[in-house]
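Me: I am new to this structure and should be grateful for a close look at a single strand and its surroundings. Please take one strand and describe how it is placed.

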Amino acid sequence: MKPKFLIAAGLAIAALAAFPLASGNPYYIHLVETIMIYAIVLFGLDIVVGYTGQVSLGHAGLFGIGAYTAGVLVLKLGASIWLTLPAAIALTAAFGALLALPALRVTGPYLAMVTLAFGTIIQILINEMSFLTEGPMGITLTKPSLFGHQLDETEFYWVVAAMLLASLVFVHRVLRSHLGRAFEALRGSPVASDCMGVSVYRYKVYAFVISAGLAGLAGALYAYSEQYISPNTYNFEQTVLFLLAIIMGGRKTRTGALLGAAIIVMLPKLLDDLEMFRIVSVLLALIVAVASAVALKRGKSSLQAALIPVVGSVALAGLSFKLQTMTDWRLSVFGLITLFVVYYLQDGIVGFVRNALNLRGHAASDADTAAQLPAGADALSKAGGATSQGATLLEASKVLMQFGGLKALNEVDLSIKRGSIHGLIGPNGSGKSTMMNVLTGIYVPTAGAVSFAGAALAGRTSSDIALSGIARTFQNVQLFGEMTALQNVLVGLHHSFRSNLLDVALHLPRYLRENHQASARAFGLLRFVGLEQLAGEEARNLPYGKQRLLEIARALALDPQLLLLDEPAAGLTAPDIKELLAIIQKIREHGVTVILIEHHMDVVMSLCDTVSVLDFGQKIAEGLPAAVQADEKVIEAYLGGQAA
Ligand SMILES: Nc1ncnc2c1ncn2[C@@H]1O[C@H](COP(=O)(O)OP(=O)(O)OP(=O)(O)O)[C@@H](O)[C@H]1O
């Protein structure tokens, strides 16, 4: 960690701890305490919303479960904080797993509705289960005791501050680890995640469970902080506020969550006080103007894009001086601010400032990591082994893939020899990509069987198949766009981690060792495909040809025995194709078997040992490239069309 960062963090912690002593005002102490509690919820919600890209409107319900676990345990058993906090985390995490179930089946607006229903059910249950929760009457409790000492407002503030710091470190470490990369990969491309051995199912559940655990912790702290809980707090408005806080603050940043929490706690109060509202809106206009000017100067934004937020915030400041009273305008101003942020600051306030000031988050630190790694790491391990060269690695027999009445594959047999490069060609729509999808478990064939390295693939998930040694690239590049090149490859290396949540959270030696080894290998793989200079660049910003190479590096990270390349040369320039040919040759030299789908005949002819030709889902020819090229049926179906 950089000394500058450590000093800043130390100062921030000292300021946070000193605040109640300096302020002395119970109202402000309670306000900051609430912000910290909400920030803990938002750290968790950001995992689900920001990282995995799911919508959750159920987090107020989870927050409520945490609060009521503490409340009920205190009410019924007189339990201490040592029991209530872990119990709240555990029970809420279990409910989080329950909430994850719909996320496995539905996405987008449907998921939003289901999670909203979950939140509503929780609120109704709290209301109805009077024997446990005291129903609408609510539960009154006192501040907890620690080591026999009853905490006062300030001491409890410090407990909350300690929990905030612990949550911050925990979440930050998890999100920067292989687990966080897995969450982010789900958002980037679920199909590619599965094909990299990162099970979408498993990691969606993990994300909800961790997120819920944090909501539970926050809920329990909230119960003690307010000293009174009732079902009405955990309602629809609360859940929307949480979501809004993430959007306003900025997703995928802990600073954004803190800022979002401050906004949702302060804004309603701010909108009650006209004088304060005027001061803050003028300050906001100034900040936006400066950030926009910087963005414009650095060429990060067009004049129009930079002007709109400035005009908006200046108009808001102007409006604040026109208003005589806030009472009638509170909700309208709140709505306007929300609309403005959601529409114009889509990366949230933190994202906007980062963009304007050209701060690149973890992209820059990836470049640093890359630069520190040893130069000669042997990235690509030997696969297969010389002894088994020539034996059958993959056998597909009578594979039928039917979509309604269309037979995309019609009883196709395919036998792939270990160590070979096997070409799969055919006109558009002949079933090549469908075959890839069958081999990687994305499609379950209507009939027929596939065996790989002696084991049947039937009934296995894409991620299982990937982990057993089949890696692939995609016809339409499926990178994790918001992640750097290095992180993309690290997702492919997910299988090399054995560390669990505890190893990650406490940075235990096992995790540190695995992380270092994985980073070194990822960088080595980038070097293997000639992308080491671009390690810290976001995948979406790479030129198309480089994106295709990055996909190959990511696939190789799986240590595959079989690599499926789906039109790797599509859209590449002639020099890029030359580079690609050399890389595929090198891959074969490392003993990796390759199935190559390609429309560029020169690539197929120069690389492949055997070529199979598909037409309308049927295999019409197979053999040496030259023989296939001369085959009448092939010329008629495919090469003839190309020649023409
Ligand atoms: N999920 C699907 N649902 C319905 N039809 C599909 C599906 N996937 C593929 N098909 C159809 O199966 C046929 C074979 O498609 P496929 O993408 O495998 O061809 P291809 O040989 O890879 O073509 P190209 O070279 O254009 O990529 C096409 O008619 C396609 O429309």
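Reply: The following account concerns one strand, its partners and its cover, with a short note on the ligand shell at the end. The model is a predicted one. The strand chosen is β11, which spans residues 562–566. It is mostly covered, for five of its five residues are buried. This cover extends to both faces of β11. On one side stand Leu562, Leu564 and Asp566, and on the other Leu563 and Leu565, and each of these is buried.

β11 has a partner in strand β10, residues 470–472; the two run parallel and are joined by three bridges. In this pairing, Ile470 lies opposite Leu562 of β11. Another partner is strand β12, residues 593–597, which pairs with β11 in the parallel sense over five bridges. Here Leu562 stands opposite Thr593 of β12. Between β11 and β12 the chain passes through helix α24, residues 574–589, and this β-α-β crossover is right-handed.

The ligand shell may be described separately. Among the residues around the ligand are Phe403, Asn428, Lys432 and Gln475. Strand β6 (406–417) and helix α18 (432–439) each supply at least two residues of this shell, and the largest share, three residues, comes from α18. By character, the shell divides into three nonpolar residues, eight polar and one charged.

Technical notes:
Residues numbered from 1 in each chain as written. Predicted model: local features only at pLDDT ≥ 70, side-chain atom pairs only at ≥ 80, totals over all residues. Near = placed C-beta within 6 Å. Helix = DSSP H or I, 4+ residues; strand = E, 2+ residues; numbered from the N terminus. Nonpolar A, V, L, I, M, F, W, Y, C, P; charged D, E, K, R; others polar. Buried ≥ 20, exposed ≤ 12 C-beta atoms within 10 Å, placed from the backbone. Pairing = 2+ DSSP bridges. Right-handed = clockwise from strand over helix to strand, strands pointing away.
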